[in-house]
Amino acid sequence: MSADTELVELLPWQWPEEVWRGKVEQVRAGRNLKPAKWKNGARCAIALSFDVDHETNELRDGGKSVGRLSWGQYGNRVGVPRILKLLKEQDIQASFFVPAVTALLYPDEQRQIVGEGHEIGLHGWIHEVNTAVPPENERELHLRSADTLEKITGIRPVGMRTPSWDFSEVTLSVERELGLLYDSSLFADDDPYEIVEKGEATGMVELPVEWIRDDAAYLSMNRFQALRPYTSPEAVFDVFRREFEGAHAEGGLFLLTMHPHVITYRSRFWILEELIRLAKAKGDCWFATHAEIAAYVKAEAGL
């Protein structure tokens, strides 16, 4: 019996220290990268992001429901155009994280996004769950996704948000192989930090996420279970507003994750419109793409 087989048969409370400590030390938050001041003296940085999943949520699960595929198509037909219109009106650049299959289904959408000055980042191949994919396959999917997005848009992505923020034991090594500037899938802080792998500072920036700053956590539903959107748009706005006000008070980062097939309905889109209005009224907020923010904090820290 191999050592690995013996370990599998152990329960977590039976693990020797090197096992549980090794799991914890695999990927850690290192140096805090919040700058003393943001670009042009801004007090707060605002990173608006949109996960352009479209049909891949259903395709990942087998693609059996035409109804759910049509829900994904709403993101392309209504969601992205509504978002781009608002961003153009407000002269704001944002980041769009796009599964490669989405890009292949809607290449013109991706070209429009980058053509209007926004960033496209990696978001898996078909919105797969990384920890459910064998390591060698995960690596191949990420590399293929990067090649696909570059071929369609003409720009090689510099950042990744893993699908469902699912981060395996090999994800970081693949990101480093790709030479990425940043990741935006982890939770260890409110503000940017340097990622540490097995005790080694990597020079890669983490722009941390949180479910409380994600529209889908409040506004999604499961049609076969007693799970329905349980939070009103007014309450969602209040959570997001308080997160923004806290970031502004601390001189930090406000990073918001949204989905074109979730946030853009007529009864919800005002949440984003009002957040932008509030932030602009402050007069000292810097709206930027994830790539711009990651490059800025890395330069300020001398990494």
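**Close-up 1. Aromatic pairs, with W38 and W286 up front.** This predicted model holds ten aromatic pairs. Take W38 and W286: their rings sit 6.3 Å apart, centre to centre, with 45 degrees between the planes, which makes the pair tilted. The two partners come from distant parts of the chain, 248 residues apart. W38 belongs to the loop between β1 (27-32) and β2 (44-51), while W286 is in strand β10 (residues 285-287). Both tryptophans are tucked away: W38 is buried at a relative accessible area of 1%, and W286, at 12%, counts as buried too. Neither is just half of a pair, since ring pairs link W38, W286 and Y296 into a cluster.

**Close-up 2. Y74 on Y265, a stacked pair.** Here the ring centres of Y74 and Y265 are 4.3 Å apart and the planes are at 5 degrees; that angle is under 30 degrees, so the pair is stacked. Y74 lies in helix α4 (residues 66-90), and Y265 in the loop between β9 (253-258) and α11 (270-282). That means the pair ties together parts of the chain 191 residues apart in sequence. Y265 has a relative accessible area of 26%, so this tyrosine is partly exposed rather than buried, the cut-off for buried being under 20%.

**Close-up 3. A charge over a ring.** This view is about R144 and W125. The charged end of R144 sits over the W125 ring, 4.2 Å from the ring's centre.

**Close-up 4. Helix α4 alongside helix α6.** The axes of α4 and α6 (residues 107-115) come within 12 Å and cross at roughly 5 degrees. An angle under 35 degrees counts as roughly parallel, so that is how these two helices run relative to each other. On the α4 side, the residues making the contact are G75, N76, V80 and L84. They meet E109, Q112 and I113 from α6. Sort the contact residues by character and you get three nonpolar, three polar and one charged.

**Close-up 5. A291 and its neighbours.** A291 has its place in helix α12 (residues 290-301). With a relative accessible area of 17%, under the 20% cut-off, A291 is buried. Leaving aside residues up to four places away in sequence, A291 touches E119, V158, L181 and Y182. Look at L181 in particular: 110 residues separate L181 from A291 in sequence, yet their C-alpha atoms are 7.4 Å apart in space.

How values were computed:
Residues numbered from 1 in each chain as written. Predicted model: local features only at pLDDT ≥ 70, side-chain atom pairs only at ≥ 80, totals over all residues. Heavy atoms only, no water. Phe/Tyr/Trp six-rings, centres within 6.5 Å; stacked < 30°, edge-to-face > 60°. Helix = DSSP H or I, 4+ residues; strand = E, 2+ residues; numbered from the N terminus. Buried < 20%, exposed > 50% of the residue type's maximum accessible area, 1.4 Å probe, protein only. Lys NZ or Arg CZ within 6 Å of the ring centre and 35° of its normal. Axes fitted to C-alpha atoms, helices over the stretch in contact; angles between N-to-C directions. Parallel < 35°, antiparallel > 145°, perpendicular 65-115°, else oblique. Contact = heavy atoms within 4.5 Å. Nonpolar A, V, L, I, M, F, W, Y, C, P; charged D, E, K, R; others polar.
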